[in-house]
Amino acid sequence: MMAPSSADGVAPCACKGIRRCLLCEKWKEIRHLEANVPKTVHHFLYNPETKLAIRKDAEPASFPFPGVFVWENFISEEEEEELISTMDQDVWNQSQSGRRKQDFGPKVNFKKRKVRVGSFSGLPALSHKVVLRMQREPSLADFQPVEQCNLDYHPERGSAIDPHLDDSWLWGERLVTVNMLSDTTLTMSLEEGLPEVGLEEEVHVAVHLPRRCLVVLYGEARHRWKHAIHRMDVHERRVCSTYRELSAEFLPGGQQAELGAQLLNTALSFQGAPV
């Protein structure tokens, strides 16, 4: 259920179930409590130059961390300003955990594995040049996004996104995100640890995301490690745009290739409005 309605009948946020933000915590007069059972977590920091997860004063001091690509200064200050100004002309819808969102993508029921075009009219016009630029990177040369999700985070709302794995039935190998308005930290986590390097307990790897960078998750970082943005890592307003591609099932040779082609044709018209 959603957080309880205020006196005028309007819900203070869009949180459901165990999700929380500062709005509903204040409304319910409860505090955001972390699990009170102490647990061991091994903390590492990702180095994009060496592609290692590193730490000091403990063993192992590092281990390879493949599946993350960071492109700093992917967009300019002027381009960032134009993108944010254009987004703010559209409606931001309340989402869970203090986020606001804008969706440009097909209508999807992940539980029933059903997808249709619905009211999807394409990615937004300004994203055309963003996509063309990301395709200059050799590892993204064939990247064709079929969905774009804009998320708005703000410390006053206690915005965050819990550790999760993105769907892999509809969405493909690479998740591509443009980080705007402020720096933040993407926390990668593996609850079962990494026994192969002697880490039996939960492992966290912090990936620093500078303002205006692009980050790609693929391989193990996409499919094995959960990713999150924690409340404590949102210091100012942060907006990100995440682009997703189709899985093999919806590409040529796949069982739903015809539907996939229809979705891609719609997406890459770049004439879309939020759905």
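**View 1. Val115 is tucked away in this predicted model.** With a relative accessibility of 14%, Val115 counts as buried, because the cut-off for that label is under 20%. This residue is found in strand β8, which covers residues 114-116. Look around Val115 and, leaving aside residues up to four places away in sequence, you'll find that it touches Pro106, Lys107, Val108, Trp169, Leu170, Phe250, Leu259 and Leu263. Take Leu170 from that list: it sits 55 residues from Val115 along the chain, yet the two C-alpha atoms are separated by 8.5 Å.

**View 2. Here's the whole chain, before we zoom in again.** The model has five helices and 16 strands. Of its 275 residues, 47% are buried. Now think about contacts between residues at least 6 apart in sequence: 75% of them join residues at least 24 apart. As for the outside, the chain exposes about 14600 Å², and carbon and sulfur atoms supply 51% of that area.

**View 3. Phe44 and Phe63 make an edge-to-face pair.** The structure holds nine aromatic pairs, and this is one of them. A pair of aromatic rings is described by two things, the distance of the centres and the angle of the planes. For Phe44 and Phe63, those come to 4.9 Å centre to centre and 70° between the planes. Where do Phe44 and Phe63 sit in the chain? Phe44 belongs to strand β1 (residues 41-47) and Phe63 to strand β3 (residues 62-64), so the pair links distant parts of the chain, 19 residues apart. Phe44 is buried, with 4% relative accessibility. Phe63 is buried too, and its relative accessible area is 4%.

**View 4. Phe63 also stacks with Trp225.** This time the planes are 15° apart and the centres 6.4 Å apart. Phe63 is in strand β3, while Trp225 is in the loop between α4 (219-223) and β15 (226-229), and their positions lie 162 residues apart in the chain. Trp225 counts as buried, at 2% relative accessibility. Step back a little and you can spot a cluster: ring pairs link Phe44, Tyr46, Phe63, Phe65 and Trp225.

**View 5. Two arginines lie over ring faces.** Find Phe74 and you'll see Arg133 over the face of its ring, 5.9 Å from the ring centre. Then hop over to Tyr153, where Arg238 lies over the face at 4.9 Å from the ring centre.

**View 6. These cysteines don't form disulfides.** A disulfide is a covalent bond between the sulfur atoms of two cysteines. How many disulfides does a search of the whole structure find? The count is zero. Why is Cys149 without a bond to Cys240? The closest cysteine sulfur to that of Cys149 is in Cys240, and at 7.2 Å it is too far for a bond; the cut-off is within 2.5 Å. Cys149 is buried, with a relative accessible area of 11%. Cys213 is buried as well, at 0%.

**View 7. Seven strands line up in an open sheet.** Follow the order across: β4-β14-β11-β16-β9-β6-β5, with antiparallel pairing. Which strands stand at the edges? They are β4 (68-71) and β5 (93-94), and each has a single partner strand, so one side of each is left without a neighbour in the sheet. Elsewhere in the sheet, β11 (residues 171-180) and β14 (residues 214-217) pair in the antiparallel sense over four bridges. Zoom in on that pairing and you'll see Thr177 opposite Val215 in β14.

**View 8. Strand β13 has partners in both senses.** This strand spans residues 202-209 and is mostly covered, with six of its eight residues buried. What sense does the pairing of β1 and β13 have, parallel or antiparallel? Those two pair in the parallel sense, over five bridges. In this pairing, look for Leu45 opposite Ala206 in β13. Strand β12 (residues 184-190) runs antiparallel to β13, and seven bridges join them. One spot to look for is Leu190, whose bridge partner in β13 is Val203.

Notes:
Residues numbered from 1 in each chain as written. Predicted model: local features only at pLDDT ≥ 70, side-chain atom pairs only at ≥ 80, totals over all residues. Heavy atoms only, no water. Buried < 20%, exposed > 50% of the residue type's maximum accessible area, 1.4 Å probe, protein only. Contact = heavy atoms within 4.5 Å. Areas by Shrake-Rupley, 256 points an atom, 1.4 Å probe, with all protein chains shown as cover. Phe/Tyr/Trp six-rings, centres within 6.5 Å; stacked < 30°, edge-to-face > 60°. Lys NZ or Arg CZ within 6 Å of the ring centre and 35° of its normal. Pairing = 2+ DSSP bridges.
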